[in-house]
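Got your viewer open? Let's take a walk through this one together, stop by stop.

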Amino acid sequence: MLARLDQPIAAIATAPGRGAVGIVRVSAASVAPVVAAICGRELKPREATYLAFRAADGSPIDQGLAIHFPAPHSYTGEDVLELQAHGGPVVLQLLLARCLEAGATMGLRVAEPGEFTRRAFLNDKMDLAQAEAVADLIDASTEAAARSATRSMAGDFSREVNALRDALIDLRMLVEATLDFPEEEIDFLRKADAQGQLQRLRAGLARVMQRARQGALLREGIQVVIAGQPNAGKSSLLNALAGAELAIVTPVAGTTRDVVSQQIQIEGVPVHVVDTAGLRESADEVERIGIERAWGRIDNADAVVFLHDLTRMDDADYRADDAAIRARLPTNIPLIEVFNKSDVIPAKAGIQGFHISAKTGEGLEPLRRRLLEVAGWQAASEGVFIARERHVQALRRVDTHLQGADEHLAQDAQALDLLAEELRLAQNALAEITGEFSADDLLGVIFSRFCIGK
């Protein structure tokens with residue numbers, strides 16, 4: 001893909017299907033040949049012109065708006081032409097084919113997924129975190145996620161990262177000065193309060209990490225698996241949380257034989273709730289496969305809701321089976337004990353956990369809040385910017401390197417080389433977020449997940 005970035009590109013920039021308006025976008029060093037062939041006239045920069053889009057024989061394909069964005073003041077940093085036509089798929093395909101025909105002599109081709117935004121990144125119109133936020137805004141599943149993606153796209157996250165980078169560079173300069181002039185008896189580090197600078201840097205990093213983790217939750221959501229014995233009310237709980245009859249509910253044990261999932265949102269955080277087959281020994285081949293899948297989803301969950309049936313808590317066999325399930329549940333995944341059917345039987349003394357009624361909705365709000373607490377969400381997190389798991393991992397590496405730098409700084413001149421190296425590695429990890437220091441293969445993975453035309 002890198003070898004083809006100097007070639008002109010074109011694509012339909014609106015979603016597939018029918019709509020009132022559709023857009024075909026062209027980006028090139030010069031779009032003049034396409035403008036002349038399709039529009040038949042020059043276009044004023046950044047001014048919408050209503051005209052007929054012409055086929056090769058001069059007949060109109062459609063009528064709409066044409067806008068020319070001269071380089072470098074465009075989305076990609078190149079010359080960009082946008083043709084806004086009626087949003088029928090046939091019309092847009094005809095218009096795209098006409099653009100490719102008109103631009104054949106300059107090598108115009110169909111854009112690959114994310115190529116317009118990748119060119120914007122490579123032409124310094126945005127950094128990598130902002131480019132990723134474009135895709136995150138398109139994919140946002142909640143209002144909070146969309147608002148956070150908009151903040152990241154506007155550069156809020158990047159400014160926080162760049163502020164940390166600048167402070168880190170200042171500290172590196174002090175350390176390098178001490179290494180370069182060892183014969184001087186001036187302690188550059190102490191006079192410049194290097195220790196204080198490092199502590200302030202770590203404190204600033206902690207604040208950015210906290211907001212990034214919140215942003216990652218808004219983007220990725222959390223995976224919650226409802227587990228328990230047959231007829232505990234797992235499907236009823238899924239339906240109650242989702243507010244819809246998604247899973248079949250019957251008194252027959254083993255009704256749910258496969259995983260059923262639904263995304264809900266709690267305070268703007270996407271929560272992927274998974275209903276599973278009742279966990280038990282079964283001779284039924286279909287049910288057994290469903291139980292195996294249930295354990296697989298449990299092993300990959302962010303939290304497990306272990307659902308119990310209050311009406312059967314006096315049954316010794318039932319309690320023994322619950323204990324067997326609990327013993328097999330992963331110890332590294334948060335477990336939330338929930339006791340269902342409180343509308344039938346009151347809570348018993350000594351039973352610790354959330355008491356709910358999936359039938360009436362009693363006790364669901366405290367359970368929802370607990371799910372967010374387990375995920376690490378903090379209520380009223382204003383100013384959160386969207387973030388990805390790779391951003392969070394990069395910030396954690398920065399934190400690890402700064403912790404190492406702190407330890408080496410305490411040793412004064414005995415470990416200055418190691419201190420300098422930890423600071424260099426911390427800066428590299430920060431630079432990965434904005435794309436100042438990124439491998440080409442990482443860029444390929446990131447932009448390949450964009451839609452074509454963006």
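What is the order of the strands in the open sheet with strands 8 and 12 in it? Read across, this sheet of 6 strands goes 8-9-7-10-11-12, and its pairing is mixed. Keep in mind as you look around that you have a predicted model in front of you.

**Stop 1: the edges of that sheet**

Select residues 260-266 for strand 8 and 354-355 for strand 12; these are the edge strands, and each of them pairs on one side only. Now add residues 269-275, which are strand 9. Strands 8 and 9 run antiparallel, joined by 7 bridges. To see one of those pairings, pick Gln265: its bridge partner in strand 9 is Pro270.

Next, bring up helix 11, residues 316-328. This helix lies across strand 7 (222-228), strand 10 (303-309) and strand 11 (335-340), and it runs at about 175° to strand 10.

**Stop 2: the other sheet**

Here's another open sheet of 6 strands, again with mixed pairing, and its order is 3-4-5-2-1-6. Its edge strands are strand 3 (49-54) and strand 6 (109-110), each pairing on one side only. Go inward and select strand 2 (residues 19-28) together with strand 5 (residues 79-87): the two run antiparallel, with 9 bridges between them. Click on Val21 and look across to strand 5, where His86 stands opposite.

Two helices pack on this sheet. Select residues 32-39 for helix 1, which touches strand 3, strand 4 (60-69) and strand 5. The direction of helix 1 makes about 80° with that of strand 3. Then take residues 115-122 for helix 3, which touches strand 1 (9-12), strand 2 and strand 6. Helix 3 has a direction at about 135° to that of strand 1.

**Stop 3: two loops worth a click**

Zoom in on Ala71 and Pro72. Their peptide bond is cis, with omega at about 0°. You'll find Pro72 in the loop between strand 4 and strand 5.

Then hop to Asp124, in the loop between helix 3 and helix 4. Phi here is near 60°, a positive value in a residue other than glycine.

**Stop 4: helices meeting helices**

From that loop, carry on to helix 4 (residues 128-139) and show helix 14 (residues 416-434) as well. They pack at an angle of about 40°, and their axes are 5 Å apart. Helix 4 is therefore oblique to helix 14. Show side chains for Leu128, Ala129 and Glu132 in helix 4, which meet Glu432, Ile433 and Thr434 in helix 14. Sorted by class, this contact of helix 4 with helix 14 has 3 nonpolar, 1 polar and 2 charged residues.

Now for another pair: helix 9 (residues 234-242) and helix 12, whose axes are 11 Å apart at an angle of about 85°. That angle makes helix 9 roughly perpendicular to helix 12. Select Leu237, Ala240 and Leu241 on helix 9, then Leu364, Leu367 and Arg368 on helix 12, and you have the residues that make the contact. By class, the contact of helix 9 with helix 12 has 5 nonpolar, no polar and 1 charged residues.

**Stop 5: a pair of rings**

How many aromatic pairs does a search of the whole structure find? It finds 1. Select Phe157 and Phe385: their ring centres are 4.5 Å apart and their planes are at 20°, so the pair is stacked. The pair links distant parts of the chain, 228 residues apart. Phe157 sits in helix 6 (residues 156-180), while Phe385 is in the loop between helix 12 (364-375) and helix 13 (389-409).

**Stop 6: colour by confidence**

Finally, colour everything by pLDDT. The chain has a mean of 85, with 86% of its residues at 70 or more. Then select residues 252-257, where pLDDT stays under 50. For this stretch the model has 20 contacts beyond four places in sequence.

Methods: Residues are numbered from 1 along each chain as its sequence is written. Side-chain values use heavy atoms; hydrogens and water are left out. Axes are lines fitted to C-alpha atoms, for helices over the stretch in contact, and angles run from 0 to 180 degrees between N-to-C directions. Helices (H or I, at least four residues) and strands (E, at least two) are DSSP runs, numbered from the N terminus. Angles under 35 degrees count as roughly parallel, over 145 as roughly antiparallel, 65 to 115 as roughly perpendicular and the rest as oblique. Contact means heavy atoms within 4.5 Å. Ala, Val, Leu, Ile, Met, Phe, Trp, Tyr, Cys and Pro count as nonpolar, Asp, Glu, Lys and Arg as charged, and the others, Gly among them, as polar. pLDDT is the predictor's confidence in each residue, from 0 to 100. Two strands pair if DSSP finds at least two bridges between them. Rings of Phe, Tyr and Trp (its six-membered ring) pair if their centres lie within 6.5 Å; planes under 30 degrees apart count as stacked, over 60 as edge-to-face and the rest as tilted.
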